[in-house]
Amino acid sequence: MLHRPLDARYDTMSYQRCGRSGLLLPAISLGLWHNFGEVDRYTHSRSMLLRAFDLGITHIDLGNNYGPPPGSAEETFGRILASDLAPYRDELIVSTKAGYRMWPGPYGDGGSRKYLLASLDQSLRRMRLDYVDIFYSHRPDPDTPLEETMTALDQAVRSGRALYAGISSYNADQTRRASLILQSLGTPCVIHQPRYSMFDRWIEDELIQVLREDGIGCIAFSPLAQGLLTDRYLSGIPEDSRAALPHTELQREHVTEDVIDRVRGLADLARARGQTLAQMALAWVLHKPEVTSALIGASRVAHIEDAVAALDNRHFSSDELERLEGILRV
Ligand code: NDP
């Protein structure tokens with residue numbers, strides 16, 4: 001049955017320009033890395049995606065390997081799009097990526113032109129789309145010349161399979177070089193997707209400056225540190241949480257006493273700001289001017305609603321920032 005979206009879906013979300021491009025992205029974007037695979041309940045995945053759309057989350061992020069099994073999140077997304085959101089394709093920014101192992105043999109992984117373009121064609125079929133809005137090189141491949149990977153992104157755009165080109169998890173130097181090559185090809189690098197949260201600030205060293213200089217937007221993935229920067233683990237590891245699931249990167253041993261001590265301190269600060277910890281973690285990522293969008297994951301509809309409500313208070317006083325730094329330093 002076709003979903004009837006809320007008329008008010010654009011009333012509360014804010015949209016920010018992605019670097020120096022014309023592309024506007026919602027402050028909160030939704031990623032389908034987990035909870036949208038074949039192993040997950042379709043009706044639940046559908047509810048989350050439709051609620052996100054109703055809240056003005058126009059950007060949905062995928063990767064060829066999201067699932068499990070790999071590829072199945074794109075299939076789930078394609079099914080929901082076809083059954084519920086087909087008339088709204090032009091209101092959506094859909095991204096996907098290639099860079100990790102997808103199929104056996106020498107052409108199913110990495111950064112070669114062969115892999116990237118074949119993978120993009122497969123992604124389009126799974127999502128039942130003619131084009132994606134953003135196509136990313138998912139990670140740098142030291143064994144493929146950067147020129148080749150960037151030329152493949154340029155080709156994806158020129159052939160109409162993608163509207164914009166992006167890169168993910170490239171360091172500052174790789175980003176500078178990739179951006180230069182893409183510029184020379186006439187397809188600018190519009191967006192970078194790095195991991196960024198209060199617990200992982202590697203981009204602050206150098207990358208953020210390159211993004212500013214080159215006018216590249218920044219969409220921060222895992223802004224909640226996969227759930228650590230929420231109240232999820234305050235009283236142990238729930239059986240239905242990501243840390244307890246076998247197929248996820250976050251594992252029980254990551255939930256240490258040290259981490260939880262800091263989480264408790266941060267949760268107190270969030271409470272004083274009138275926010276949940278998850279909301280403060282998102283507000284913190286978004287208060288950096290270079291960050292275009294916070295790319296969240298969710299296992300329930302309430303997580304998405306909580307994230308959008310974070311936008312009510314994105315301001316940090318210098319006193320709050322000082323307290324926050326103090327907690328993170330411990
Ligand atoms: P987050 O850091 O937002 O973690 C999401 C998890 O946090 C949820 O699954 C849930 O965990 C928990 N959570 C979320 N909101 C709340 C809340 N309000 N209260 C309590 N717990 C909450 O992001 P992800 O790690 O999921 O990554 C987001 C997206 O980023 C991915 O879907 C993908 O699109 C992208 N990504 C890109 C990568 C890349 O290499 N380019 C790599 C990784 C991610 P639980 O499931 O336990 O309930």
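The crossing of helix 7 and helix 10 is right-handed, a term used when the near helix is turned clockwise from the far one by less than a right angle, whereas anticlockwise would make a crossing left-handed. This is a predicted model, in which local features need pLDDT of at least 70 and side-chain atom pairs count only at pLDDT 80 or more, while totals for chains, interfaces and linings use all residues. Residues are numbered from 1 along each chain as its sequence is written.

The axes of helix 7 (residues 257–272) and helix 10 (residues 318–329) come within 9 Å and cross at roughly 165 degrees, and these two helices are therefore roughly antiparallel to each other, the word for angles over 145 degrees. Helices here are DSSP runs of H or I with at least four residues, and strands are runs of E with at least two. On the side of helix 7, R262, G265, L266 and L269 meet E320, R323, L324, I327 and L328 of helix 10, where contact requires C-beta atoms, placed from the backbone, within 7 Å.

Turning to the start of the chain, helix 1 (residues 42–54) and helix 2 (residues 72–85) have axes that come within 10 Å and cross at roughly 65 degrees. The residues in contact include Y42 and F53 of helix 1 and I80 and L85 of helix 2.

Finally, the ligand is surrounded by 29 residues, of which the closest are G31, W33, L224, G227 and G297, with a residue counted when its C-beta atom, placed from the backbone, lies within 6 Å. Strand 10 (291–296) and helix 9 (301–309) each supply at least two residues of this shell.

How values were computed:
Axes fitted to C-alpha atoms, helices over the stretch in contact; angles between N-to-C directions. Parallel < 35°, antiparallel > 145°, perpendicular 65-115°, else oblique. Contact = placed C-beta atoms within 7 Å.
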